Amino acid sequence: MNPWEKISLSDYENHMSLSSVNQLQAMNKMMKFQFEAYPVTSAIVFGVAGGNGLEHVNLKKYSKIYGIDINNAYLDNVKKRYSFMQDILECKRIDLTCETDMLPEAELVIANIVIEYVGLEPFKKGIIKTGARYVSCIIQINTDEESWVSDSPYLHSFDGLDAVHHQMEEQSLVMAMNEIGFDLLKKDAMPLPNGKKLVMLDFER
């Protein structure tokens with residue numbers, strides 16, 4: 001079992017939204033841009049978790065949004081929280097490390113703090129399978145590689161993630177995307193209160 005299947009959504013969201021972590025809030029702001037930036041009508045969110053950011057989907061613009069995650073409980077929550085999106089939103093349980101052949105096609109892929117837990121090679125396979133023209137990624141840059149999970153009362157909920165975590169760097173991601181025909185479009189960064197930062201890298205094929 002992947003360790004992400006054992007982490008409760010409440011622990012994940014409570015940890016990510018602590019004022020000392022502030023990642024849920026920061027990603028939410030960045031996702032507004034991700035959904036609005038490009039001339040697309042379909043998108044896939046890799047690692048949708050509880051659906052943070054989906055409220056920014058313009059239902060007049062998008063005809064299809066796919067939420068992908070390995071944790072069925074997360075997906076059940078997304079369906080309940082965003083039931084108003086009706087047929088536009090479709091959730092699929094897919095393990096992005098080994099089941100990329102199950103991915104649907106879409107014009108845009110959004111992958112926020114998920115490549116770190118999938119690895120570059122499976123991620124590249126997933127992007128190719130989607131046929132996407134645009135890919136928008138957020139990666140976490142750490143000042144201390146040994147404490148890449150921020151300290152919080154929920155810290156031990158994430159103990160098993162060491163087994164699947166890959167430290168991600170901007171240049172290695174850019175090179176990997178270049179290998180599958182994507183060029184870097186833009187880069188943005190948002191500092192976090194604990195010395196870490198979120199870096200958004202957008203690509204076009």
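This is a chat about aromatic rings and one helix in a predicted model.

Me: How many aromatic pairs are there?
Reply: The count comes to five. One of them is Phe 35 with Tyr 62, an edge-to-face pair with 5.9 Å centre to centre and 85 degrees between the planes.

Me: Where do those two sit in the chain?
Reply: Phe 35 is in helix H2, and Tyr 62 is in the loop between strands S1 and S2. They're 27 residues apart, so the pair links distant parts of the chain.

Me: Are Phe 35 and Tyr 62 buried or exposed?
Reply: Both are buried.

Me: OK, what about Tyr 38 and Tyr 134?
Reply: Those rings are stacked, at 4.5 Å centre to centre with 15 degrees between the planes. Tyr 38 is in the loop between H2 and S1, while Tyr 134 belongs to strand S5, 96 residues apart. Both tyrosines are buried.

Me: Which cluster do they belong to?
Reply: Ring pairs link Tyr 38 and Tyr 134 with Phe 33. Lys 186 lies over the face of Phe 33, 4.5 Å from the ring centre.

Me: New topic: which residues of H6 are buried?
Reply: Leu 173, Val 174, Ala 176 and Met 177.

Me: Why do they line one face of the helix?
Reply: Looking down the axis of H6, the buried residues fall within an arc of 165 degrees, so they line one face. On the other side, Gln 171 and Glu 179 are exposed.

Me: And what do the buried ones pack against?
Reply: Helices H4 and H5, plus strands S5, S6 and S7.

Me: What follows H6?
Reply: Gly 181, with a positive phi near 90 degrees.

Notes:
Residues are numbered from 1 along each chain as its sequence is written. This is a predicted model: local features need pLDDT of at least 70, side-chain atom pairs count only at pLDDT 80 or more; totals for chains, interfaces and linings use all residues. Side-chain values use heavy atoms; hydrogens and water are left out. Rings of Phe, Tyr and Trp (its six-membered ring) pair if their centres lie within 6.5 Å; planes under 30 degrees apart count as stacked, over 60 as edge-to-face and the rest as tilted. Helices (H or I, at least four residues) and strands (E, at least two) are DSSP runs, numbered from the N terminus. Buried means under 20% relative accessible area, exposed over 50%, partly exposed in between (1.4 Å probe, protein chains only). A charge sits over a ring if NZ of Lys or CZ of Arg is within 6 Å of the ring centre and within 35 degrees of the ring normal. The arc is that of the directions from the helix axis to the C-beta atoms. Contact means heavy atoms within 4.5 Å.
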